[in-house]
Amino acid sequence: SKATVSVLNCIHSATMLLEAVCTFAASVFNVEITKPNMEIAYWAAMMCFAILIMARSLLNRVIAKDFPKFTEDKRWEFCNRVLSLVVCVTMSCLAFSYWKENTAVEWKKDIEPFEYMCISFMIGYILYDLVVCLFVESEITALFLIHHLSGITSHLLVLMRMDGLGAFYSMAVYIAEGSTPFYHVAWMLNELRCLPGKDGTAWQKGPADFVFKFCSLMLMLCFFVFRVLLSPYIVYHAATVGMPAWTANHSYEFGVVHTAILGIFSLINMYWFKCLISAALASFAGDDEKQKAA
């Protein structure tokens, strides 16, 4: 079927993309990529990617049946939000679970199995998001591309080198996913309340409207704590505590690259928070105008 062909094409594209990034990273940093541990991560990431692609295809059929008023583009975006919601909830829970047991930085020769699993899973998700935006939705921005390619390069380098300290900071970054569930839920509720109801008017009031406002408020709060405050601290910690450890273990170049990517993520988070503030102010201004008109 057409859906099966689309899924297979996405998997093939993801495989080529992952191999290209691996080859590029290995050539630049002179890292061996044929180790068995890297092959395990490769297949784990591809399995995660394939599951997400197939889940998206099935979810699209469900949404098409339950929400026939959605356009095709809106339906696919809704699918992506639902799957992204599942991933970010999973990753934030894994990150918080990890940090219950790890509170101090110490040099580790190898990555722990739990870290290995989380990083492989995240590589699969980043691939999924990249391929969907590039080959399915055809909507991509330079900021999105920088964020995802930097992230996947950092993750692959951590696995190629089996760098325990790099994995440690990657797990710190995953805490930021704690703000993302509120973003996706607020977006989906906003789309649903714009759909015309049985009386021909858009849904505005009710429990779901309260949930939308609650999620919007929690998004601003969690984004500020987990991204605006935490991400600069992670960069500072990597530069002042991580870099001496990397340097002492002959990994200075890797430490510089990893810290620089953490810095890029921090700047992107600041920009996104600015966009959230602007959107919130615009929304409040719109509500005031509606009240005056009424």
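## Exercises on helices α3, α5 and α6

Helices α3 and α6 cross with a left-handed sense. The model in which this crossing appears is a predicted one, and its chain comprises nine helices and zero strands.

**Exercise 1.** Describe how α3 and α6 pack, and state which residues meet at their contact.

*Step 1.* Two packed helices are described by the angle between their axes together with the distance between those axes. For α3, residues 72-101, and α6, residues 164-173, the angle is about 125° and the axes lie 9 Å apart.

*Step 2.* Angles over 145 degrees count as roughly antiparallel and those from 65 to 115 as roughly perpendicular, with oblique kept for the rest; α3 is therefore oblique to α6.

*Step 3.* On the α3 side the contact is formed by Leu94, Ala95, Tyr98 and Trp99, which meet Phe168, Met171 and Ala172 of α6. Sorted by character, the residues of this contact comprise seven nonpolar, no polar and no charged.

**Exercise 2.** Determine to what extent α6 is enclosed, and examine the residues that lead into this helix.

*Step 1.* A residue counts as buried when its relative accessible area is under 20%. Nine of the ten residues of α6 are buried, so the helix is largely enclosed by the rest of the structure. The buried residues run through Gly164, Leu165, Gly166, Ala167, Phe168, Tyr169, Ser170, Met171 and Ala172. For the chain as a whole, buried residues make up 46% of the 294 residues.

*Step 2.* At the N-terminal end of α6, Asp163 acts as a cap, with one of its side-chain oxygens 3.3 Å from the backbone nitrogen of Leu165.

*Step 3.* Met162 is located in the loop between α5 and α6, and because its relative accessibility is 12%, Met162 counts as buried. Most residues other than glycine have a negative phi. The phi of Met162, however, is positive, near 50°.

**Exercise 3.** What surrounds Ser150, and is this residue buried or exposed?

*Step 1.* Ser150 belongs to helix α5, which spans residues 142-161. Its relative accessibility is 13%, and Ser150 is therefore classed as buried.

*Step 2.* Within reach of the Ser150 side chain, at 2.7 Å, is the backbone oxygen of Ile146.

*Step 3.* When residues up to four places away in sequence are left out, Ser150 touches Ile261, Ile264 and Phe265. As for the chain overall, of the contacts between residues at least 6 apart in sequence, 80% join residues at least 24 apart.

Note on methods. Residues are numbered from 1 along each chain as its sequence is written. This is a predicted model: local features need pLDDT of at least 70, side-chain atom pairs count only at pLDDT 80 or more; totals for chains, interfaces and linings use all residues. Side-chain values use heavy atoms; hydrogens and water are left out. Axes are lines fitted to C-alpha atoms, for helices over the stretch in contact, and angles run from 0 to 180 degrees between N-to-C directions. Helices (H or I, at least four residues) and strands (E, at least two) are DSSP runs, numbered from the N terminus. Angles under 35 degrees count as roughly parallel, over 145 as roughly antiparallel, 65 to 115 as roughly perpendicular and the rest as oblique. A crossing is left-handed if the near helix is turned anticlockwise from the far one by less than a right angle, and right-handed if clockwise. Contact means heavy atoms within 4.5 Å. Ala, Val, Leu, Ile, Met, Phe, Trp, Tyr, Cys and Pro count as nonpolar, Asp, Glu, Lys and Arg as charged, and the others, Gly among them, as polar. Buried means under 20% relative accessible area, exposed over 50%, partly exposed in between (1.4 Å probe, protein chains only). A polar contact is a pair of N or O atoms within 3.5 Å; within protein, one must be able to donate a hydrogen and the other to accept it, and residues adjacent in sequence count only if both atoms are side-chain atoms.
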